[in-house]
Amino acid sequence: MKFRIYLHIGRHKTGTTQIQQWLLKNREELKKSGYYYPETGMSPTSGQGGLPWSIRFRGDHASIFNQLKGEILECGYRNIIISSEAFLEPGVWEDILFEYLADQMYDVRIIAYVRRQDEFFESSYNQAVKGAGRMCEPSKYHCRLDHGEVLSGWMKQFGRGKFSIGVYAKSLFINGDLVSDFCARIGVDPSGFTMLSSVANRSLSRRSVEFIRVINKMQLPVAEREQLVARFLVREDLHFEDTCPYFLSPADRQSLIDQHIESNSSLAEDYALTSDQLDYLTDRTDDRAWCPVSPLQLEEVAVNMYRLLI
């Protein structure tokens, strides 16, 4: 029996958590449609992240991938869905991963979403500060922005015919909804399934992120950092609201888009993107309000609030 593996590999900051929470919430309903979402390697927040992490951190990856194979053989379903943005993380050795995926019982289909570079940069920076404790300012932050380069090893291994690439933009989603768009790519009708009531892993406001960056610079014990951040967010009520939420100035944003016009055009050609998708990736139109944030004011707030804790 040949198993069709729908492998959702990210990229991160393209709604992966939302898709994974939907898959987990509808795991039993998916079975009724002939689709199986495995337990092996699964975590509550990152899909089957245990699979790529076992390779990145030099764990017993042979054991966990053999466990996955056994679960697939015993599940009784032909269509298998696996999801983790960690498949594209640096340090996940692709040669080891591809060896497991090359098993003759698997027919692998790759699903990935990409995001316009300015939006990807800002969302990635937001996550790096609030989740990973980064302390640098946006001007000194670096992330992998060339989507074609990130996907190149996968393209070489599987070829264009195995890929389904989406662009992360509500205007481009089927029915204007990410989950509906993902379902269309795996051949599932989402009607009748339980939909999520809210967006997962939403970005904080720019002011809140800048405050957390200041707190990160203090290098406080984890418990004190979390307490201070929580107090600030409650006090300022800045979870998801900001009259000027963008880190990049209009000039910086347009420069970033211009730097990737050629690579995005190659991406569109290599993965057969639509003209609408390419137009979105290269759109320089900017009608957003923007103003610089004041880190000095936030540093004063951070210091004063910390004094209240000690």
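**Close-up 1. Strand 1 and strand 3 run side by side in this predicted model.** Strand 1 (residues 3-8) and strand 3 (residues 79-83) are parallel, and 5 bridges join them. This is a predicted model, so please read each view as a look at a prediction. One spot to find along this pairing is L7, which stands opposite I82 in strand 3.

**Close-up 2. The whole sheet is open and has 5 strands.** Reading across it, the strand order is 2-3-1-4-5, and the pairing is parallel. Which strands stand at the edges? They are strand 2 (35-36) and strand 5 (163-167); each has a single partner strand, so one side of each is left without a neighbour in the sheet. In general, strands of a sheet pair through backbone hydrogen bonds.

**Close-up 3. Helix 8 is largely enclosed by the rest of the structure.** This helix spans residues 178-186, and 7 of its 9 residues are buried. The buried ones are L178, V179, S180, D181, F182, C183 and I186. What covers the buried residues of helix 8? The cover includes strand 1, strand 2, strand 3 and strand 4 (106-114), together with helix 1 (16-25).

**Close-up 4. Here are the two ends of helix 8, and one residue within it.** At the N-terminal end, D177 acts as a cap: one of its side-chain oxygens lies 3.3 Å from the backbone nitrogen of V179. After the helix comes G187, with a positive phi near 80°. S180 lies in helix 8 and has a relative accessible area of 12%, which makes S180 buried. Leaving aside residues up to four places away in sequence, S180 touches I174, N175 and P190.

**Close-up 5. F121 and Y141 meet as an aromatic pair.** The structure holds 15 aromatic pairs. In the pair of F121 and Y141, the arrangement is edge-to-face, with 5.6 Å centre to centre and 65° between the planes. The pair links distant parts of the chain, 20 residues apart: F121 belongs to helix 6 (residues 117-132), while Y141 sits in the loop between helix 6 and helix 7 (147-158). Are these two rings buried or exposed? F121 counts as buried at 6% relative accessibility, and Y141 is buried too, at 8%.

**Close-up 6. More aromatic rings are worth a visit.** The ring centres of Y168 and F173 are 5.6 Å apart and their planes are at 65°, so this pair is edge-to-face. Both Y168 and F173 are buried. F87, F98, W154 and F158 form one aromatic cluster. Finally, look for R116: its charged end sits over the ring of Y280, 4.8 Å from the ring centre.

Notes
Residues are numbered from 1 along each chain as its sequence is written. This is a predicted model: local features need pLDDT of at least 70, side-chain atom pairs count only at pLDDT 80 or more; totals for chains, interfaces and linings use all residues. Side-chain values use heavy atoms; hydrogens and water are left out. Two strands pair if DSSP finds at least two bridges between them. Helices (H or I, at least four residues) and strands (E, at least two) are DSSP runs, numbered from the N terminus. Buried means under 20% relative accessible area, exposed over 50%, partly exposed in between (1.4 Å probe, protein chains only). Contact means heavy atoms within 4.5 Å. A polar contact is a pair of N or O atoms within 3.5 Å; within protein, one must be able to donate a hydrogen and the other to accept it, and residues adjacent in sequence count only if both atoms are side-chain atoms. Rings of Phe, Tyr and Trp (its six-membered ring) pair if their centres lie within 6.5 Å; planes under 30 degrees apart count as stacked, over 60 as edge-to-face and the rest as tilted. A charge sits over a ring if NZ of Lys or CZ of Arg is within 6 Å of the ring centre and within 35 degrees of the ring normal.
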